[in-house]
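Welcome! Here are a few short exercises to work through with the structure open beside you. Try each one yourself before reading the solution.

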Amino acid sequence: MNENSAAGVNTIAEILSEPATWKSCLEALDKTGELKSLNEKLLKNVEYVFVGCGSSFYLAQAAAASWSILTGEKARAIPASEIMLFPQLFPLPCQPVLISRSGYTSEVLQVAEYLERKLKLRTLAITCGKDTPFEKIASHRIKLLAADEKSTVMTRSFTSMLLALQALAAERGQREDFLKVLGALPGQVAPRLNDMQVTVRSLVDSRAYADYVFLGQGPFFGVAQESMLKVKEMSCSYAQCFHTLEFRHGPKAIVSPETLITFIISETGFAAEVQVLEEIKKLGGTTLAISNGSNSTIRRAADYSVELSLDVPESARVGASVIPGQLLGFYTGIKKGLNPDEPRNLSRVVMLETK
Ligand code: F1P
């Protein structure tokens, strides 16, 4: 950080640029018609396997759940390292979708080589990088250059690549309605950003937390994972993630007022997830509810609440649901005197030495 730039100046700008970035990425994809032609080239009636590392693996989890919901086809997410170390676990036949913001991550490149050269699979690569080895290995590619970040941590690249994969799923599932909804999303989310910032800043300013838990189900589990990673990366805090109802099965033993438990509440699982929220509040945890709408139970059980208030179907809200977690990691890092633009111990890309 040079002496005259404030800590986190790049990261906060990148977070607040998300709606505009989604708009330009989705419009570029629509203009070229590349998703339509890509959809015709990709395999049909096989399982889709989404692959990535770090944030890109959590993006893979959210994308896989979205894919099954939007297309009715089987899909799963696997970290690139699992394919490297346990190739026998890789499901065949399948259509691999490899995710890498940089296009330089060694594990993803190794997997791309293995799938293309050894298994003769035609992989799809989605990246925000320009002229990368990644795009040269893959048979098909989606490039979102406008979504790349200066910062180490992924924020707008995560949500933009997720929305692009959801748009591809909508193409595959012949969901013209969903494509329209994605196009309207930036205009709905932009006016909500200020309220999100006010709520998250008041939460961060109100007290220090000893640790953090993030809970989600379905496509929101990948969002909970990514929110957990943002808090870890940008504020060097201890954070965990579970499927919401899984939290009852042991992990809730850690609940205390110093623990901030964030519920990323779906519509599909609303009643069951809000029940857990009530139980955790009764155990004395400090709770943050991120939902599209609220009700008396949430208002009673959530110490803090972010209501997205988006007039879009549940699947279209998955990307926007990660923004409060991005802001939480950012403002917690700033409060701890850290610089989210240059997180401790991290680099923008994990490139391993070849032995
Ligand atoms: C993704 C990644 C990030 C992590 C850090 C290092 O790499 O592992 O998840 O936060 O920035 O890179 P990529 O393959 O998506 O470029």
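**Exercise 1.** Which residue follows α4, and what is the sign of its phi?

*Solution.* Before starting, note that this is a predicted model, in which local features need pLDDT of at least 70, side-chain atom pairs count only at pLDDT 80 or more, and totals for chains, interfaces and linings use all residues. Residues are numbered from 1 along each chain as its sequence is written, and side-chain values use heavy atoms, with hydrogens and water left out.

Step 1: Find helix α4 at residues 55–71; helices here are DSSP runs (H or I, at least four residues), numbered from the N terminus.
Step 2: Move on to Gly 72, which follows α4 and has a positive phi, near 80°.

**Exercise 2.** Compare the reach of α4 with its expected span, then find how many of its residues are buried.

*Solution.* Step 1: The expected span is 1.5 Å times one less than the number of residues.
Step 2: With 17 residues, α4 reaches 24 Å from its first C-alpha to its last, close to the expected 24 Å.
Step 3: Buried means under 20% relative accessible area, exposed over 50%, and partly exposed in between (1.4 Å probe, protein chains only).
Step 4: In α4, 15 of the 17 residues are buried, so the helix is largely enclosed by the rest of the structure.

**Exercise 3.** Describe the surroundings of the ligand and its polar contacts.

*Solution.* Step 1: Count the residues near the ligand (a heavy atom within 4 Å). There are 13, and the closest are Ser 55, Ser 56, Ser 100, Thr 105 and Glu 233.
Step 2: Look for polar contacts, meaning pairs of N or O atoms within 3.5 Å. A polar side-chain atom of Thr 105 is 2.5 Å from a ligand oxygen atom. Polar backbone atoms take part too: one of Thr 152 lies 3.1 Å from an oxygen atom of the ligand, and one of Arg 348 lies 3.3 Å from an oxygen atom of the ligand.
Step 3: Check the cover. Of the 390 Å² of accessible area that the ligand has on its own, the protein covers 95% (Shrake-Rupley method, 1.4 Å probe).

**Exercise 4.** How many disulfides are there, and how far is Cys 25 from the nearest cysteine sulfur?

*Solution.* Step 1: A disulfide is a pair of cysteine sulfur atoms within 2.5 Å. The count by this rule is zero.
Step 2: For Cys 25, the nearest cysteine sulfur belongs to Cys 128, 7.0 Å away. Cys 25 is buried, at 6% relative accessibility.
Step 3: The sulfur of Cys 236 is 19 Å from its closest cysteine sulfur, in Cys 241, which is too far for a bond. Cys 236 is partly exposed, at 26%.

Notes
Polar contact = N/O pair within 3.5 Å; in protein donor to acceptor, adjacent residues only side chain to side chain. Helix = DSSP H or I, 4+ residues; strand = E, 2+ residues; numbered from the N terminus.
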